[in-house]
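Please open the model in your viewer with the cartoon and the side chains both available, and follow the selections below in order. Each stop names what to select and then says what is found there.

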Amino acid sequence: MAQLVSDFGHELPPLLSPPARPADVDPFDSLVGRRGRTGQAAGWAAVPAPLAVYRMTSEQVGGVWPLIAGDGLPPGGALLGIDYLSGGAFSADPIGWTLNSVAGVTNPNMIFFGAPGRGKSGTVKMFALRQMAYGYRTLVLGDVKDEYEPLCRALQVQPHAVGHGLPARINPLDFGPLGNDWTQLPRAEARRRAAMVFSRWLLLIRGLVGSQHVPFGPTAETAVGHVLRDLTGYTDGADRMREVTIPQLWQALRAPSDELVDACRYAGRQHFLDETRPVRDALGALVTGHLAGLFDAPTTISVDWRAPIQSLSLSRLDSLGDEAVGVALTCLNSWGRAMTQLAEPGDLRIVIRDECWKQMRLGTDAVKSLDADLRLSRNDGCIQVVIAHKPSDMLTVGDAGSQAVAIAKDLLHLCATKVLLGQDDQIGDELSELLGLSPMAEQIVTDWAAAARGRALWLVGSHVAKVQTVRTSLDVTLTDTNDALGTPA
């Protein structure tokens with residue numbers, strides 16, 4: 001460069017020499033022996049430290065050093081408390097987990113197990129309450145103990161009570177949103193909706209008849225299906241489907257038309273009556289029995305989906321026994337499915353099913369009804385929340401090895417998120433057998449979670465979280481369920 005510049009009569013400025021770089025100071029000017037540094041207060045040990053050297057992969061570090069915090073779930077959804085395994089906050093977002101395939105989550109269903117008094121209901125209420133900030137609306141299908149009434153009233157929502165002497169009526173055979181704008185639908189869409197309606201109704205009738213230990217075979221299903229199509233006007237090609245009630249179905253089976261007898265391929269009217277008598281008697285129990293006047297008339301309540309929560313109370317039926325409450329829950333579940341079958345995109349809902357074991361004990365068909373709801377949660381866009389005390393409540397639906405027990409076990413796998421609150425040691429063994437818990441996880445459920453309310457082991461797909469639900473003083477007022485145990489004023 002200097003030669004090139006000089007050819008044009010110029011000179012480059014002289015290049016300054018770089019400053020001298022100070023020598024680096026060695027922080028380890030002397031080696032330290034295995035016994036430490038010598039000298040007073042220098043840490044010298046008379047005996048060398050027993051140091052061990054390990055070689056391992058990053059996956060094995062968590063097992064060798066269990067006190068190292070692992071990764072938590074991504075933040076999103078309802079902030080519930082603290083995850084003691086990751087050391088951070090814990091947030092629940094079942095639909096977000098499903099959409100993003102977090103930890104292998106394939107559905108937004110949740111199931112809660114917990115002994116009474118461990119904070120099971122309080123955790124569910126906190127989840128529903130805090131998800132409202134993200135646009136979720138909650139539907140409580142059967143509040144057996146009126147546990148959600150304080151929360152409803154705090155949100156300025158009047159819960160609907162179903163019971164004798166009360167004005168609320170629910171028609172399990174309600175069309176729901178599927179009956180809207182029927183005359184303006186294309187033929188293909190009308191057929192699709194009709195198939196959904198009749199399928200739901202037959203599933204309900206099968207469950208109600210099966211709850212009284214009456215078989216509901218293909219012949220009975222054919223007869224009931226023909227009656228339902230005739231009563232709605234679908235057989236005649238009517239433009240508008242007529243609403244049907246259980247008393248109308250019962251009366252049509254009691255006085256069959258000649259066309260019905262011929263369509264069902266019976267030898268005659270008397271043959272039809274003889275063969276369908278068990279089904280008629282089972283349906284008649286809902287019309288004239290202890291649940292008469294509750295589920296045998298058109299629906300009189302209106303669900304306001306703009307409200308943050310809606311609750312259907314069944315506490316007035318508690319004196320009738322578990323079987324009556326189970327039948328009522330079956331009717332409410334069918335009605336609730338009708339209300340949520342055509343949800344608009346972005347219409348996020350949480351459906352809470354408390355004391356579901358009372359419904360499942362009605363028989364195999366009742367278990368199939370709940371099974372169908374859980375399987376359709378992805379299509380309906382709902383978070384189905386199932387609440388039970390212990391696994392044996394769900395496994396007493398039939399004899400060991402029966403179809404009902406097999407379906408009940410499958411229900412556990414239809415819930416990708418399992419929340420295990422405090423349990424006794426015996427129940428912990430049941431959970432370990434059904435869910436394949438490790439000894440450490442079982443100890444968390446029977447020891448750590450049982451020591452305080454609101455503690456639970458969350459199994460989110462393949463992820464494990466040790467969560468303590470945190471409630472403010474206001475949250476405790478809205479979600480505490482021990483009011484009945486307190487001292488009266």
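Begin by selecting arginine 130, which in this predicted model has a relative accessibility of 22% and therefore counts as partly exposed. Add aspartate 475 to the selection, and the two side chains are seen to meet in a salt bridge, with 2.8 Å from N to O. Aspartate 475 belongs to helix α19 (residues 473-479) and arginine 130 to helix α4 (residues 120-131), so the pair ties together parts that are 345 residues apart in sequence. Is the acidic partner, aspartate 475, buried or partly exposed? With a relative accessibility of 8%, aspartate 475 counts as buried, because the cut-off for that class is under 20%.

Keep α4 selected and display the strands as well. The sheet to look for is an open one of eleven strands, with mixed pairing, in the order β2-β1-β11-β10-β9-β3-β8-β7-β4-β6-β5. Its edge strands are β2 (88-92) and β5, each of which pairs on one side only. Helix α4 packs on this sheet, where it touches β1, β2, β3 (110-113), β4, β7 (349-353), β8 (382-388), β9 (417-421), β10 (455-460) and β11, and the direction of α4 makes about 130° with that of β1.

Next, select strand β1 (residues 78-83) together with strand β11 (residues 463-469), which run antiparallel and are joined by three bridges. To place the register of this pair, pick glycine 81, whose bridge partner in β11 is threonine 469. From β11, bring helix α18 (residues 439-448) into view: this helix lies across β9, β10 and β11, running at about 155° to β10.

Now move along the sheet order to strand β4 (residues 137-143), which pairs with β6 in the parallel sense. Six of the seven residues of β4 are buried, so this strand is largely enclosed by the rest of the structure. With β7, strand β4 pairs in the parallel sense over four bridges, and here threonine 138 can be picked opposite isoleucine 350 of β7. With β6, the parallel pairing of β4 extends over five bridges; leucine 139 has glutamine 310 as its bridge partner in β6, and leucine 141 stands opposite leucine 312 in β6.

Stay with strand β6 and select residues 309-313. How many of its five residues are buried? The answer is five of five, which leaves β6 mostly covered. In a regular strand, the side chains alternate between the two faces of the sheet. Turning the view along β6, you can follow Ile309, Ser311 and Ser313 pointing one way, while Gln310 and Leu312 point the other way, and all of these residues are buried. On the side of β5 (residues 160-161), β6 again pairs in the parallel sense, over two bridges, and alanine 161 stands opposite serine 313.

From the sheet, go to helix α6 (residues 187-210) and select glutamate 189 and arginine 192, which lie three residues apart in this helix, about one turn. The two form a salt bridge whose closest N and O atoms are 2.8 Å apart. Glutamate 189 is partly exposed, with a relative accessible area of 22%, and arginine 192, at 41% relative accessibility, also counts as partly exposed. Extend the selection to Arg193, for Glu189, Arg192 and Arg193 are linked in a network of salt bridges.

A further stop is helix α10 (residues 269-288), where aspartate 281 and arginine 277 lie four residues apart, about one turn of the helix. Their salt bridge has its closest N and O atoms 3.7 Å apart. Aspartate 281 counts as partly exposed at 46% relative accessibility, whereas arginine 277 is exposed, with a relative accessible area of 53%. For the structure as a whole, the count of salt bridges comes to seven.

Finish with the cysteines, and select cysteine 382 and cysteine 415. Cysteine 382 counts as buried at 1% relative accessibility, and cysteine 415 counts as buried at 1% relative accessibility. How many disulfides does a search of the whole structure find? The search finds zero.

Conventions
Residues are numbered from 1 along each chain as its sequence is written. This is a predicted model: local features need pLDDT of at least 70, side-chain atom pairs count only at pLDDT 80 or more; totals for chains, interfaces and linings use all residues. Side-chain values use heavy atoms; hydrogens and water are left out. A disulfide is a pair of cysteine sulfur atoms within 2.5 Å. Buried means under 20% relative accessible area, exposed over 50%, partly exposed in between (1.4 Å probe, protein chains only). Two strands pair if DSSP finds at least two bridges between them. A salt bridge is a side-chain nitrogen of Lys or Arg within 4 Å of a carboxyl oxygen of Asp or Glu. Contact means heavy atoms within 4.5 Å. Axes are lines fitted to C-alpha atoms, for helices over the stretch in contact, and angles run from 0 to 180 degrees between N-to-C directions.
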